[in-house]
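Subject: Structure for you to look at

Hello,

Here is the structure I said I would pass on. My notes on what was found in it follow below.

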Amino acid sequence: MSALGCDVYKKLPVSTYIGHPYGIVIHSKVEIGEGCTIMHNVTIGEGVPGGGVPVVGSNVFIGAGAILLGDIEIQNNVTIGAGSVVTKSFTYGSVVAGNPAKLIRVDNDHEN
């Protein structure tokens, strides 16, 4: 899909919610689970050419302007704050924010 200023070269699950479809870039090899929310100006891709791409679990919220780069795993039910730069993996239920992204808290109240 290349519309409205987006470069998304990956078929996304039907349950993916794109809040504002502007400025989103998703590498063709990125894996994204069910029920994710992707806000505007998000980039998900390689950190360096040939260096691997993120794997994003289900029910992940990715805030506006967030950048996810490299061979990392974002497990289910993770919340990524707006403007975060994520270059390392985060486990189930993590709430992360910042540049570089840091763990704010773990929210295990969600069902798997």
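The chain contains 14 strands and zero helices. Read from the N terminus, every element is therefore β, as the run β-β-β-β-β-β-β-β-β-β-β-β-β-β shows. Please keep in mind that this is a predicted model.

Overall dimensions

The chain has a radius of gyration of 13 Å, and this agrees with the value near 13 Å that a compact globule of 112 residues would have. The C-alpha trace spans about 35 × 30 × 20 Å along its principal axes. Of the 112 residues, 40% are buried. The chain exposes about 5900 Å², and 53% of that area comes from carbon and sulfur atoms. Among contacts with a separation of 6 or more, 14% join residues 24 or more positions apart.

The two sheets

Strands of a sheet pair through backbone hydrogen bonds, in either a parallel or an antiparallel sense.

One open sheet has six strands in the order E2-E5-E8-E11-E13-E14, and its pairing is mixed. Its edges are strand E2 (17-18) and strand E14 (102-106); each has a single partner strand, so one side of each has no neighbour in the sheet. Strand E13 (residues 94-97) pairs with E14 in the antiparallel sense, over four bridges. To find this pairing in the model, start from Ser94, whose bridge partner in E14 is Val106.

Another open sheet has five strands in the order E1-E3-E6-E9-E12, with parallel pairing. Here the edges are strand E1 (7-8) and strand E12 (85-86), and because each has a single partner strand, one side of each is left without a neighbour in the sheet. E1 pairs with strand E3 (residues 25-26) in the parallel sense over two bridges. Val8 has Ile26 as its bridge partner in E3.

The nonpolar core

In soluble globular proteins, nonpolar side chains tend to be buried together. In this chain, the largest nonpolar core has 25 residues. The residues with the most contacts inside that core are Ile26, Ile32, Ile62, Leu68, Ile74 and Ile80. Ile26 is thus named twice in these notes, since it is also the bridge partner of Val8.

What does Ile62 contact, leaving aside its neighbours within four places in sequence? Ile62 is in contact with Thr37, Ile38, Met39, Val42, Ile44, Leu68 and Ile80. Leu68 and Ile80 are also among the core residues with the most contacts.

Two loop residues

Ser84 lies in the loop between strand E11 (79-80) and E12. Is Ser84 buried or exposed? Its relative accessible area is 0%, and because buried means under 20%, Ser84 counts as buried. The side chain of Ser84 reaches the backbone oxygen of Gly81 at 2.8 Å. Not counting residues up to four places away in sequence, Ser84 touches Gly65, Ala66, Ile67, Val96, Ala97, Gly98 and Ala101.

Asp71 lies in the loop between strand E9 (67-69) and strand E10 (73-74). Asp71 has 62% relative accessibility, and since exposed means over 50%, Asp71 counts as exposed. With residues up to four places away in sequence set aside, Asp71 touches Gly51, Gly52 and Val53. Asp71 and Glu46 are 25 residues apart in sequence, and their C-alpha atoms are 7.5 Å apart in space.

Regards

Key
Residues are numbered from 1 along each chain as its sequence is written. This is a predicted model: local features need pLDDT of at least 70, side-chain atom pairs count only at pLDDT 80 or more; totals for chains, interfaces and linings use all residues. Side-chain values use heavy atoms; hydrogens and water are left out. Two strands pair if DSSP finds at least two bridges between them. A nonpolar core is a set of buried Ala, Val, Leu, Ile, Met, Phe, Trp, Tyr and Cys residues joined through side-chain atoms within 4.5 Å. Buried means under 20% relative accessible area, exposed over 50%, partly exposed in between (1.4 Å probe, protein chains only). Contact means heavy atoms within 4.5 Å. A polar contact is a pair of N or O atoms within 3.5 Å; within protein, one must be able to donate a hydrogen and the other to accept it, and residues adjacent in sequence count only if both atoms are side-chain atoms. The radius of gyration is taken over C-alpha atoms; the globule rule is 2.2 Å times the number of residues to the power 0.38. Accessible areas come from the Shrake-Rupley method with a 1.4 Å probe; for residues, only the protein chains shown count as cover.
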